[in-house]
Amino acid sequence: MPKPRLHSSPAASRYPHGGPGRTLKARLAAGEVLVSGMVAEYCNPTLMKYYEQAGFDFVYFETEHIRFDSAAFLSTVLAARDCGLPPVAKVPQLDRAEVAWLLEYGVVGIQLPRTESRDQLETLLDYLKFPPSGTRAYAAGYGNSDYVTPENKRAWMADQDAESTVVVHIETRAGYESAEEIISTPGVDMVYVGPGDFSVEMGQPGDADHPDVTGPMRAILEICKRHRVPFGTTASSAEAAERWVREGALFFEAADERGLILQSAIELVDSYRRFTR
C-alpha cells in the first residue's frame, strides 16, 4: 500500500500565526476585539462560508445542549478551519473521551461549561495536552491536522499543545465566587461569562443588563484584566457590546444561525407589510 503524500494543511495560509488556535490567541493578545458566529442547530459547511463572508473572526459550536450529527459536525468544523474561522466548542461534560473527539474533529478551543474550580481546569488541561504536560492520546491524521499525516510526531504534538485553547465558562454563583482561583489557573486562555444562566443564578432571569448581573460580570472582567486573560460574553445588544468593549471585553459569542435567520426574516416580512397592509 503506497504511503500517503505529505503536504501542508490546506488551511495553513488562513492562519498567520501557524494554526487556528494560535491565531485566535495571538489576535486576542494583540488587543483585537473578536466576534464569533455561533452554531446552535443547523450544522452545515455552507454556513461557514456565510460566516466567513459576514466577517466573523471565529465560530462557536453549541455542543452542550444539542448533539449534532457526527458527519455534519466534522465537515462543518473542517469547513470552519478552511474558512479561517478557529472552531471553539463546549465539552458536554468533563470527560476524557468527550474532549478527545472534539480535538480529533479539529476543534481548537474547548469551552468548559459551569467552570467552578481550578481542579476542573487542571483536569481539562490534562486531557488537552500531550505528555509530559498531560495525558492526551496520540491520534494524528484526523481533523486535528486537516487530515494531513505529520512527518515529525514530536513536532506535531508540540504544535497541538500550542493550538489547544482553554475557554473558561463562568455561569454560576459558585464560579463567580471562585473567579480569582479559576482565572489565575496557569493555562487558561479565555474567560467567557454566559449571561443566560448567570442572570438566573444572580436572581434576574433573562435580564443580562440588570446591575445584579453586570456588577459581578464587571468584577470578573477586572480579575481577567489583572491576570491578562481575555474576557468575553454575549451582549444583549450592539449598544451593550460597545459598553463592554469600552470596559475591556475582547470577544463575543454574538449570535447563532437560528436567531440570525429569524431576525432577517422578520425584518424582510415587515419591510413588505409596510406597503401591503
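## Cysteines in the interior

Let's begin with a cysteine: Cys224 has a relative accessibility of 1%, so Cys224 counts as buried. Cys83, at 5% relative accessibility, counts as buried too. Keep in mind as you look around that this is a predicted model.

How many disulfides does a search of the whole structure find? The search finds zero. Cys83 helps to show why: the closest cysteine sulfur to its own belongs to Cys43 and is 13 Å away, too far for a bond. A disulfide needs the two sulfur atoms within 2.5 Å.

## A barrel of eight strands

Now turn to the strands. Eight of them form a closed barrel with parallel pairing, in the order β1-β2-β3-β4-β5-β6-β7-β8. From one strand to the next, the twist averages 25°.

You can follow part of the barrel pair by pair. Strands β5 and β6 pair in the parallel sense over four bridges, and Ile170 stands opposite Val193 in β6. Next, β6 and β7 are joined in the parallel sense over three bridges; here Tyr192 has Gly232 of β7 as its bridge partner. Then β7 (residues 231-233) pairs with β8 (residues 251-256), again in the parallel sense, over two bridges. Thr233 has Phe252 in β8 as its bridge partner.

## Helices on the sheet

Helices pack on this sheet as well. Helix α2 (residues 45-54) touches β1 (34-39), β2 (58-61) and β8, and its direction makes about 155° with that of β1. Helix α12 (residues 257-276) also packs on the sheet, where it touches β1 and β8; its direction makes about 60° with that of β8.

## One face of helix α5

Which residues of helix α5 (residues 118-128) are buried? They are Leu121, Leu124, Leu125, Tyr127 and Leu128. If you look down the axis of α5, these buried residues fall within an arc of 160°, so they line one face of the helix. Their cover includes the helices α4 (96-105), α6 (153-163) and α8 (179-183), together with the strands β4 (109-112) and β5 (165-170).

## Strand β6 and its neighbor Val167

In a regular strand, side chains alternate between the two faces of the sheet. Look for this in strand β6 (residues 190-193): Met190 and Tyr192 point one way, Val191 and Val193 point the other way, and all are buried.

Val167, in strand β5, touches Met190 and Tyr192, and its contacts also include Val88, Ile110, Gln111 and Leu112. Is Val167 buried or exposed? Its relative accessible area is 1%, so Val167 is buried. Val167 and Val88 are 79 residues apart in sequence, yet their C-alpha atoms are 8.4 Å apart in space.

## Nonpolar cores

The largest nonpolar core has 54 residues. Which of them touch the most other members? They are Val39, Met48, Phe61, Phe73, Val191, Ile220 and Phe231. Take Phe73 as an example: leaving out residues up to four places away in sequence, Phe73 touches Cys43, Phe61, Thr63, Phe68, Trp101, Leu102, Tyr105 and Val107.

Apart from the largest core lies another one, of 12 residues, including Leu28, Met38, Phe58 and Met190. You have already met two of the residues named here: Met190 points one way from β6, and Val191, a member of the largest core, points the other way.

Terms used: Residues are numbered from 1 along each chain as its sequence is written. This is a predicted model: local features need pLDDT of at least 70, side-chain atom pairs count only at pLDDT 80 or more; totals for chains, interfaces and linings use all residues. Side-chain values use heavy atoms; hydrogens and water are left out. Buried means under 20% relative accessible area, exposed over 50%, partly exposed in between (1.4 Å probe, protein chains only). Two strands pair if DSSP finds at least two bridges between them. Axes are lines fitted to C-alpha atoms, for helices over the stretch in contact, and angles run from 0 to 180 degrees between N-to-C directions. Contact means heavy atoms within 4.5 Å. The arc is that of the directions from the helix axis to the C-beta atoms. A nonpolar core is a set of buried Ala, Val, Leu, Ile, Met, Phe, Trp, Tyr and Cys residues joined through side-chain atoms within 4.5 Å.
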